[in-house]
Amino acid sequence: MGIFRKKEEIQVDFDHIPEHIAIIMDGNGRWAKKRGMPRTYGHSVGAETFRTIANYCKEIGVKYLTVYAFSTENWKRPKEEVDTIMGLLDKYLHEAIDDAVKNGTRIAIFGDLSVLTPELQALCKKAKEVTSCYEGCQTNICLNYGGRDEILHAVRGCMEEGKAPEELTEADIAAHLYSAGTPDPDLVIRPSGEIRISNFLLWQSAYSEFYFTDVLWPDFSEQELLKAIAAYQHRSRRFGGV
Ligand code: IPE
Ligand code: IPE
Ligand code: MG
């Protein structure tokens with residue numbers, strides 16, 4: 001059993017890393033405001049944090065990483081902020097595709113992409129097409145994603161297939177979610193001090209372990225991730241059993 005000891009006494013069993021970690025990347029705006037900077041600056045720094053954490057997850061053997069990048073509700077924000085976030089997504093997706101091809105890893109995008117610009121839609125499609133053949137860590141980017149929207153979309157998909165109500169099963173719905181084929185997250189992390197789910201992975205997180213921290217996303221580091229994993233490793237998961 002590999003034990004990792006640091007000054008801060010974070011003890012992680014690297015032989016039992018959660019298979020699937022999901023993160024609500026929150027706190028960019030407040031991080032920038034604390035520094036007297038525009039919220040958009042926080043998003044740029046937060047995007048770098050995403051890159052660091054995604055690489056570290058790969059390194060320590062996480063098989064699936066799902067990140068909440070833009071919700072179905074985030075369109076309520078000022079146009080300038082939305083445009084900045086979309087620009088960053090474009091930039092990071094280009095880089096992520098190149099990295100994924102180099103490292104043999106996969107990228108999937110969860111969300112309703114129909115309202116994105118044609119360029120961004122094409123990029124999302126390319127990310128999936130170019131990387132789906134690989135077997136390494138899968139990064140799922142939730143973009144214009146809402147848990148309720150996802151469930152609605154899945155139920156509609158089942159109805160379109162002509163499923164009779166009495167035939168419909170949980171497995172049918174799961175097979176029509178954006179996340180179809182991906183195991184449910186073991187650990188859901190939310191930085192920024194908010195203790196809520198904000199429409200993230202509502203179906204999939206039924207039995208996930210939750211970890212909340214006051215650290216704002218741009219300050220989230222490999223050490224913070226290890227703290228979350230260490231906390232997870234002390235949980236007793238019963239799934240309704242004993
Ligand atoms: C998360 O940071 C990024 C997105 C929601 C796109 P926020 O922008 O929500 O930052 P805070 O929560 O206002 O600090
Ligand atoms: C959740 O954060 C969405 C993302 C991180 C992409 P929000 O900042 O939008 O959530 P609320 O408004 O605090 O619930
Ligand atoms: Mg927020």
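A residue counts as near a molecule when one of its heavy atoms lies within 4 Å of it. In this predicted model, that cut-off gives ligand 2 a shell made up of Ile24, Met25, Asp26, Tyr68, Ala69, Phe70, Asn74, Arg77, Arg190, Arg196 and Ser198. Sorted by class, the shell holds 5 nonpolar, 2 polar and 4 charged residues. The element that contributes most to the shell is strand 4, residues 64-71, which supplies 3 residues.

Some of these residues also make polar contacts with the ligand. In the side chain of asparagine 74, an N or O atom is 2.9 Å from an oxygen atom of ligand 2. Two arginines can be described in a similar way. Arginine 196 places a polar side-chain atom 2.8 Å from an oxygen atom of ligand 2, and for arginine 77 the corresponding distance to an oxygen atom of the ligand is 3.3 Å. Taken on its own, ligand 2 has 390 Å² of accessible area, and the protein covers 78% of that area.

Where in the protein does ligand 2 sit? Ligand 2 occupies the largest pocket, whose volume is about 680 Å³. The lining of this pocket consists of 32 residues, and those nearest the centre are Met25, Asn28, Tyr68, Ala69 and Phe70. Helix 1 (28-34), helix 2 (39-60), strand 4 and helix 3 (79-103) are the elements that each give two or more residues to the lining. Strand 4 therefore appears both in this lining and, under the 4 Å cut-off, as the main contributor to the shell of ligand 2. By class, the lining of the largest pocket comprises 15 nonpolar, 9 polar and 8 charged residues.

The second largest pocket encloses about 310 Å³ of space. Its lining has 16 residues, with Ile107, Ala108, Ile109, Phe110 and Lys128 nearest the centre. Which elements give two or more residues to this lining? They are strand 5 (106-110) and helix 4 (118-131). Strand 5 gives the most, with 5 residues. The class count for the lining of the second largest pocket is 8 nonpolar, 5 polar and 3 charged residues.

To return to the ligand: ligand 2 lies in the largest pocket, with polar side-chain atoms of arginine 77 and arginine 196 facing its oxygen atoms at the distances given above, and with asparagine 74 also in contact through its side chain.

Definitions and conventions
Residues are numbered from 1 along each chain as its sequence is written. Chains are lettered from A and ligands numbered from 1 in the order in which they are written. This is a predicted model: local features need pLDDT of at least 70, side-chain atom pairs count only at pLDDT 80 or more; totals for chains, interfaces and linings use all residues. Side-chain values use heavy atoms; hydrogens and water are left out. A polar contact is a pair of N or O atoms within 3.5 Å; within protein, one must be able to donate a hydrogen and the other to accept it, and residues adjacent in sequence count only if both atoms are side-chain atoms. Accessible areas come from the Shrake-Rupley method with a 1.4 Å probe; for residues, only the protein chains shown count as cover. On a 1 Å grid over the protein atoms alone, a cavity is a set of points where a 1.4 Å probe fits but cannot get out, and a pocket is an open set with protein on both sides within 12 Å along at least five of seven lines; lining residues have an atom within 4 Å of a point. A molecule sits in a cavity or pocket if more than half of its atoms lie within 2 Å of its grid points. Helices (H or I, at least four residues) and strands (E, at least two) are DSSP runs, numbered from the N terminus. Ala, Val, Leu, Ile, Met, Phe, Trp, Tyr, Cys and Pro count as nonpolar, Asp, Glu, Lys and Arg as charged, and the others, Gly among them, as polar. Grid points are joined across faces, edges and corners, and a volume is the space filled by probe spheres set on the points.
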